[in-house]
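Work through the exercises below with the sequence and the 3D view open. Try each task before reading its solution.

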Amino acid sequence: MPAPRDKSSSHEPLYPCGRPLLDLPPVLDLVILGATGSIGRQALDIVRANPNRLRVAAVACHSRVDILAEELSSLAASRPDAPAPLVTVTDPAARERAAAVLGPDVRLLGAGPAALEEAVTAPDSVQVVVNGLVGAAGLAPTLAAARRGVRIALANKESLVVGGELVAREVAAGGSEVLPVDSEHAAIAQCLSGRDPGEIARLVLTASGGPFRETPAAELATVSLEQVLNHPTWKMGPKITVDSATLMNKGLEIIEAHHLFGLSYERIDAVVHPGSIVHSLVEFVDGALLAQLGTPDMRVPLQYAIAGERHWPLAGRRLDLLETGTLRFERPDTERFPCLRLAREAGEAGGAAPIVLNAANEVAVAALLEGRIRYADIPRIIAETLTDEEPGRVHDLAAALAVDARARRSATTHVARAAAAG
Ligand code: MG
């Protein structure tokens, strides 16, 4: 039975539900984008633990070449015979230091954002691209991976928020596949294993609720950056940790789920689930609900995607159901967390709106991390930026990047005003 197409979705679901995955060789060559970030370093952990299954063809990072040097030397120690991976360092100043820090054997690719695409295209052999980049910068390399016809283990949700339709088009043309790394979407993928997509009624994404789940609205105006960064369950990079505190992360994930699984927005719900035990659920047309449970360990969804949806052994803490006791679910409060509502509305509007939403959020989060604005300024800046941009369709990458650049300029002026108001 073919999947029912939702009218609101302009493309086939990206996730290959009910379709065979790519037939890849037993040893996989990986490209790891964002290699010094939280996802990238965990991907390198997985490679080191699976020397007979995984190799690294290329790595890319922005500027933290010292961390990269540590990671590469521990990778080399785990398999002395393997050739050194190609290396992209996008920050020009850091790239200048890279040769000295990484040693004479390193094979450095070009500088600048275009070098991220080069990391995908330059290696002779690539089967899996792990995209652990942060923000809209992840879109162009995702498109390059789609054109190369490889498996994309996608942690960069902004690729789909900003360019869901573009990615779908290139994936279809290039014969690649997108397997989600985001824990919620990986949970849904596990629940859908072997299922007919026509049997899906609804998706339920779970949200930890972040550090302010129980904080009264009046106190949210004065929370500190330290409180924002104190996530109750997941240890992640700073940008996604802020997004989790505003619930923007869940909003972006709703848009991501729409593009991955091809369901209309009214069939994608989010519930707050403190503790992050249930990673998400699928409701089927007969009312049956399937969930995936586990400890909050990003290596589980990451390895599942790299492995092509196989459960390889993984050393880590196991979930103790008796210790867990009860599971709680709550309705998300969009009054206290307006970012969740803004994201859903932008997703439903489609076209330029999710690009503007994402750009404004990236600018606002960067300003918060620099201590220039307050937590409560974030949703205001995003809402103001959204009203600046005329809604419209976006047909290609150049148009998407133009909307993105305009929205960043506009958000920057709103940030300056918020910063001046103190
Ligand atoms: Mg997630």
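**Exercise 1: A buried glutamate**

Glutamate 253 has a relative accessibility of 1%, so it counts as buried, the cut-off being under 20%. Keep in mind that this is a predicted model.

Task: Find the salt-bridge partner of glutamate 253 and state how the two are placed in helix H11.

Solution.
Step 1. The partner is lysine 250, and the closest N and O atoms are 2.6 Å apart.
Step 2. This distance can be checked against the cut-off for a salt bridge, which is within 4 Å.
Step 3. Both residues belong to helix H11, and because they are 3 residues apart there, about one helical turn separates them.
Step 4. In general, an α-helix has 3.6 residues a turn, so residues three or four places apart point the same way.
Step 5. Lysine 250 is also buried, with a relative accessible area of 5%.
Step 6. Through shared partners, salt bridges join Lys157, Asp182, Glu184, Lys250 and Glu253 into one network.

**Exercise 2: The magnesium ion**

Task: Name the residues that coordinate the magnesium ion and say where two of them lie.

Solution.
Step 1. The ion is coordinated by Asp182 (OD), Glu184 (OE) and Glu253 (OE), at 2.0 to 2.1 Å.
Step 2. Along the chain, these donors follow the spacing D-x1-E-x68-E.
Step 3. Aspartate 182 sits in the loop between strand S7 (177–180) and helix H7 (183–191), while glutamate 253 is in helix H11 (residues 248–261), so the pair ties together parts that are 71 residues apart in sequence.
Step 4. Aspartate 182 counts as buried, at 7% relative accessibility.

**Exercise 3: Helix H7**

Task: Decide whether helix H7 is enclosed or open, and list what covers it.

Solution.
Step 1. Of the 9 residues of H7, 9 are buried, so the helix is largely enclosed by the rest of the structure.
Step 2. Among these buried residues are Glu184, His185 and Cys191.
Step 3. The cover includes S7, strand S8 (200–207), H11, strand S10 (278–284), strand S11 (289–293) and H12.

**Exercise 4: Two leucines**

Task: Compare the exposure of leucine 33 and leucine 321.

Solution.
Step 1. Leucine 33 is in strand S1 and is buried, with a relative accessible area of 0%.
Step 2. Beyond its neighbours within four places in sequence, leucine 33 has contacts that include Ala60, Leu116, Val130 and Pro141.
Step 3. One of these, valine 130, is 97 residues away in sequence, yet the C-alpha atoms of valine 130 and leucine 33 are 6.0 Å apart.
Step 4. Leucine 321 belongs to helix H13 (residues 321–324) and is exposed, with a relative accessible area of 57%.
Step 5. Together with Leu293, Leu327 and Phe329, Leu321 forms a nonpolar patch on the surface, with about 360 Å² of accessible area in all.

**Exercise 5: A long-range salt bridge**

Task: The structure holds 27 salt bridges. Describe the one between arginine 393 and glutamate 165.

Solution.
Step 1. The closest N and O atoms of arginine 393 and glutamate 165 are 3.8 Å apart.
Step 2. Arginine 393 lies in the loop between helix H16 (377–388) and helix H17 (397–421), and glutamate 165 in helix H6 (residues 158–174), so the pair ties together parts that are 228 residues apart in sequence.
Step 3. Arginine 393 counts as exposed at 57% relative accessibility, and glutamate 165 counts as partly exposed at 27%.

Notes: Residues numbered from 1 in each chain as written. Predicted model: local features only at pLDDT ≥ 70, side-chain atom pairs only at ≥ 80, totals over all residues. Heavy atoms only, no water. Patch = residues over 30% accessible without salt bridge, like charges linked within 9 Å, V, L, I, M, F, W, Y side chains within 5 Å. Areas by Shrake-Rupley, 256 points an atom, 1.4 Å probe, with all protein chains shown as cover. Salt bridge = Lys/Arg side-chain N within 4 Å of Asp/Glu carboxyl O. Helix = DSSP H or I, 4+ residues; strand = E, 2+ residues; numbered from the N terminus. Buried < 20%, exposed > 50% of the residue type's maximum accessible area, 1.4 Å probe, protein only. Donors = N, O, S within 2.8 Å, 3.2 Å for Na, K, Ca; no water. Contact = heavy atoms within 4.5 Å.
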